[in-house]
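I sat down with this one to look up its sheets, its helix packing and its empty spaces. Here is the structure I had open while taking notes.

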Amino acid sequence: MKLVKQTLLTFATTLLLLAACSSTPGDHTSSIYKIFKPAETSKPLDTKALLAYNPKTGDKEIDAVMQTLHKTRGFNGNVLVAKHGKIIYENAIGWADYLHRDSLKIGSRFELASVTKTMTSTAILMLMERGKLNLDQDVRDFFPDFPYEGVTIRLLLTHRSGMMNYVYFVDDIYRKEHRDQRKGLTNAQAMAMIAQYKPARFNKPNVRFLYNNSNFMVLGSIIEKITGMPYAQFMKENIFKPAGMVHTDVYSKAVYDKIPVDVVGHDRGQWRYSVAQNFLDGPVGDKGIYSTVGDLYLYDRAMRAAKLIKQSTMDSAYTPHNPWVHGHFSYGYGWRIFEAPGQKVIYHTGWWHGFRHIYLRDIKDDITIVLLTNLSNGSLLKLDDLFKVTGMPLVRKSAYKGNGDTSDD
């Protein structure tokens, strides 16, 4: 009887493994990766404890800096500062929608603009870990009619593909051909337009760092092609939910006639320029994620705890893959990098349709700063006082001089 039980157990285990190995690329519920996923990574974050904050005990020095920034530089947005796993200051300052005089709340959701790129890169590296892709694969492996040779996933992640910026290319086509600008463009449609019109690229692949949205729009398209899922669904199930980011979603104008959030972007530093989303708010991957300061803090904690990708994979993302600028600044896989002796800050900026942000993670000293704004002005260029009171180095290129490449991105 014991032998029979052992035989049945072996047979059942074999069937389970065969089912896992035969799963399709989009079948994540039965993938072999999930079966052998380390147990400790499945333990959820204590989001309630992490997000706990009492305004009465908030850091008064930080508050003084932020109130001055609001009064003298027009800062309008939400801020969160955390040190060593504890929020020491958070606040919502100003208007969510000036026209209707709606005030911001700490749970207000902002279009993250290029801060989205940090999550797209995490998703790509997650798929690499799961054996669904490798970083040296050519885009043509996924999109055979892609018009540029030699563009790999690694070059997209590091902005070294040499591609043109699809935002300007598509905008030009829409205007010349008088297309409907109210309906959002999908990633698949953007890729088809690139294949059809074959716009000239800026330079050959891997010649130089050239930051532009095309790289991460293509990465978002690759995520959809590999998984067979909309980018929004894959991100929700594999990034947002595991990190406890319950107030984060992907919203595309190709899906929604009206993006279901209350925060309106205001451009040119003036309230009268409120921005209405259009066809360019359709493609995702380079942008399109909407979130809160609290959820971005949870994303930081999930990454630090290696709950999304392995530590070794994160280290590769945080490694400079481009020449240093001013001796301190570079770009990894979807992350900007600041390094100085004994200091390392991983960060990203965002600027799109009246939204302007900076998201900073001091890796050495465990400091997180999240600044999300919806009045696009120069207030985020005046953060030296905030960096000083929090103990973070000055993450501002013009504050340094170096012997390397001195061109700003």
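My entries below go through the sheets, then a helix pair, then the pocket and the cavity.

**Entry 1: what I am looking at.** I remind myself that this is a predicted model.

**Entry 2: the seven-stranded sheet.** I began with strand order. Seven strands make an open antiparallel sheet, and I read the order as 2-1-12-11-10-9-8. Why is one side of strand 2 and of strand 8 left without a neighbour in the sheet? Strand 2 and strand 8 (329-331) are at the edges and each has a single partner strand, so one side of each stays unpaired within the sheet. I also looked up the twist: neighbouring strands here are turned by 15° against each other on average, direction ignored.

**Entry 3: pairs inside that sheet.** I went to strand 1 (residues 77-83) and strand 2 (residues 86-93), which pair antiparallel over seven bridges. Asn-78 has Ala-92 in strand 2 as its bridge partner. Two residues sit between the strands of this hairpin, and there I found His-84 with a positive phi near 55°. Further along, strand 11 and strand 12 (residues 367-373) also run antiparallel, joined by seven bridges. In that pairing, Ile-358 is opposite Leu-371 of strand 12.

**Entry 4: a helix on the sheet.** What does helix 4 lie across? I find helix 4 (residues 60-73) lying across strand 1, strand 2 and strand 12, and its angle to strand 2 is about 25°.

**Entry 5: the three-stranded sheet.** A second open sheet to note has three strands in the order 5-7-6, again with antiparallel pairing. Its edge strands are strand 5 (110-111) and strand 6 (249-250), each of which pairs on one side only. I checked strand 5 against strand 7 (residues 289-291) and found two bridges, antiparallel. Glu-111 is opposite Tyr-290 of strand 7. I keep both residues in mind for the last entry, as they turn up in the cavity lining.

**Entry 6: helix 5 against helix 10.** At what angle do the axes of helix 5 and helix 10 cross? For helix 5 (residues 116-129) and helix 10 (residues 231-243), I noted axes that come within 11 Å and cross at roughly 80°. That makes the two helices roughly perpendicular. From helix 5, the residues in contact include Met-119, Ala-123, Met-126 and Leu-127, while helix 10 brings, among them, Phe-234, Met-235, Ile-239 and Phe-240. By class, I have nine nonpolar, four polar and no charged residues in this contact.

**Entry 7: the largest pocket.** I get a volume of about 1,300 Å³ for the largest pocket. Its lining takes in 44 residues, and those nearest the centre are Arg-336, Thr-349, Gly-350, Trp-351 and Arg-356. Helix 7 (166-176), strand 10 (343-352), strand 11 (355-362) and helix 13 (384-390) are the elements giving two or more residues to it. Which element gives the most? Strand 10 does, with five residues. The classes in the lining come to 20 nonpolar, 12 polar and 12 charged.

**Entry 8: the cavity.** How many cavities of 30 Å³ or more does a search of the whole structure find? I have one, with about 30 Å³ of space. Its lining includes Glu-111, Tyr-251, Asp-281, Lys-287, Tyr-290 and Trp-352. The class split is five nonpolar, one polar and three charged residues.

How values were computed: Residues numbered from 1 in each chain as written. Predicted model: local features only at pLDDT ≥ 70, side-chain atom pairs only at ≥ 80, totals over all residues. Heavy atoms only, no water. 1 Å grid on protein atoms, 1.4 Å probe; cavity = no way out; pocket = protein on both sides within 12 Å on 5 of 7 lines; lining within 4 Å. Points joined across faces, edges and corners; volume = space filled by probe spheres on them. Nonpolar A, V, L, I, M, F, W, Y, C, P; charged D, E, K, R; others polar. Axes fitted to C-alpha atoms, helices over the stretch in contact; angles between N-to-C directions. Helix = DSSP H or I, 4+ residues; strand = E, 2+ residues; numbered from the N terminus. Parallel < 35°, antiparallel > 145°, perpendicular 65-115°, else oblique. Contact = heavy atoms within 4.5 Å. Pairing = 2+ DSSP bridges.
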